[in-house]
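Please find below a note on the structure, set out as numbered points for discussion.

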Amino acid sequence: MTGYVFCIKDPNHYDKINFYLEFDRKTYYLFTQHYSNTAYDRFKNKKRLDEALKHQDGIQLRSFNEKLPKFIKYIEDTEDIIILRKTIKKTEKKNRKKSSGREAA
């Protein structure tokens with residue numbers, strides 16, 4: 001499954017943009033940050049999650065780079081879903097340990 005990240009100008013605050021994650025036909029709110037042309041222009045149209053997770057150059061996107069993985073992890077934990085490849089690998093590793101532990105007992 002492919003996820004998409006996008007942003008919308010906050011209708012209540014002219015200097016804020018809200019970021020969202022669209023995954024598995026659902027939309028999740030990620031976070032709000034101060035408006036910057038760079039961030040808004042890059043994410044006003046949906047961008048694939050794997051592209052969004054790549055390190056974005058520029059001071060304006062530093063905050064975005066730091067926040068995105070943390071908030072996606074939070075969504076994974078609260079919604080009990082797997083979005084990131086990294087989480088898939090961790091889950092598989094835990095399952096292998098559990099299954100090998102049961103066989104030994």
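The points that follow go from the overall fold to individual residues.

1. The coordinates under review are those of a predicted model. The protein chain contains four helices and four strands. Read from the N terminus, its elements follow the order β-β-β-α-β-α-α-α.

2. Some totals for the chain may be given next. The protein chain has 105 residues, and 30% of these count as buried. Its exposed surface comes to about 7,700 Å², with 48% of that area supplied by carbon and sulfur atoms. When contacts between residues at least 6 apart in sequence are considered, 39% join residues at least 24 apart.

3. Helix H3 merits a closer look. H3 spans residues 62-79, and its 18 residues reach 27 Å from the first C-alpha to the last, close to the 26 Å expected at 1.5 Å a residue. The helix nevertheless bends by about 30° at Leu68, and a proline, Pro69, follows within four residues. After H3 comes Asp80, with a positive phi near 55°.

4. Which residues of H3 are buried? They are Phe64, Asn65, Leu68, Ile72, Ile75 and Glu76. An α-helix has 3.6 residues a turn, so residues three or four places apart point the same way. The buried set in H3 includes a glutamate, Glu76, and an asparagine, Asn65, beside Leu68, Ile72 and Ile75.

5. How many aromatic pairs does a search of the whole structure find? The search returns nine such pairs. One aromatic pair is formed by Tyr20 and Tyr29, with 5.8 Å centre to centre and 70° between the planes, an edge-to-face arrangement. Another, between Tyr35 and Tyr40, is tilted, with 5.6 Å centre to centre and 40° between the planes. In addition, Phe19, Phe31, Phe43, Phe64 and Phe71 form one aromatic cluster; of these, Phe64 is also among the buried residues of H3.

6. The tyrosines of these pairs can be classed by accessibility. Tyr29 counts as partly exposed because its relative accessibility is 44%, between the limits of 20% and 50%. Tyr35 is likewise partly exposed, at 29%, whereas its partner Tyr40 has a relative accessible area of 18% and is therefore buried, the cut-off being 20%. Tyr40 has a further neighbour in Lys9, whose charged end sits over the tyrosine ring, 4.9 Å from its centre.

7. Thr38 lies in helix H1, which covers residues 37-43. Is Thr38 buried or partly exposed? With a relative accessible area of 29%, Thr38 is partly exposed. Leaving aside residues up to four places away in sequence, Thr38 touches Gln60 and Leu61. The C-alpha atoms of Thr38 and Gly58 are separated by 8.5 Å, although the two residues stand 20 residues apart along the chain.

8. The loop between strand E2 (16-23) and strand E3 (26-34) should be checked for its backbone angles; Asp24 lies in this loop, as does Arg25. Asp24 is not a glycine, yet its phi is positive, at about 55°. Arg25, also a residue other than glycine, has a positive phi near 60°. As to exposure, Asp24 is partly exposed, with a relative accessible area of 42%, while Arg25 is exposed, at 83%.

Conventions
Residues are numbered from 1 along each chain as its sequence is written. This is a predicted model: local features need pLDDT of at least 70, side-chain atom pairs count only at pLDDT 80 or more; totals for chains, interfaces and linings use all residues. Side-chain values use heavy atoms; hydrogens and water are left out. Helices (H or I, at least four residues) and strands (E, at least two) are DSSP runs, numbered from the N terminus. Buried means under 20% relative accessible area, exposed over 50%, partly exposed in between (1.4 Å probe, protein chains only). Contact means heavy atoms within 4.5 Å. Accessible areas come from the Shrake-Rupley method with a 1.4 Å probe; for residues, only the protein chains shown count as cover. The expected span of a helix is 1.5 Å times one less than its number of residues. The bend at a residue is the angle between axes fitted to the seven residues ending there and the seven starting there. Rings of Phe, Tyr and Trp (its six-membered ring) pair if their centres lie within 6.5 Å; planes under 30 degrees apart count as stacked, over 60 as edge-to-face and the rest as tilted. A charge sits over a ring if NZ of Lys or CZ of Arg is within 6 Å of the ring centre and within 35 degrees of the ring normal.
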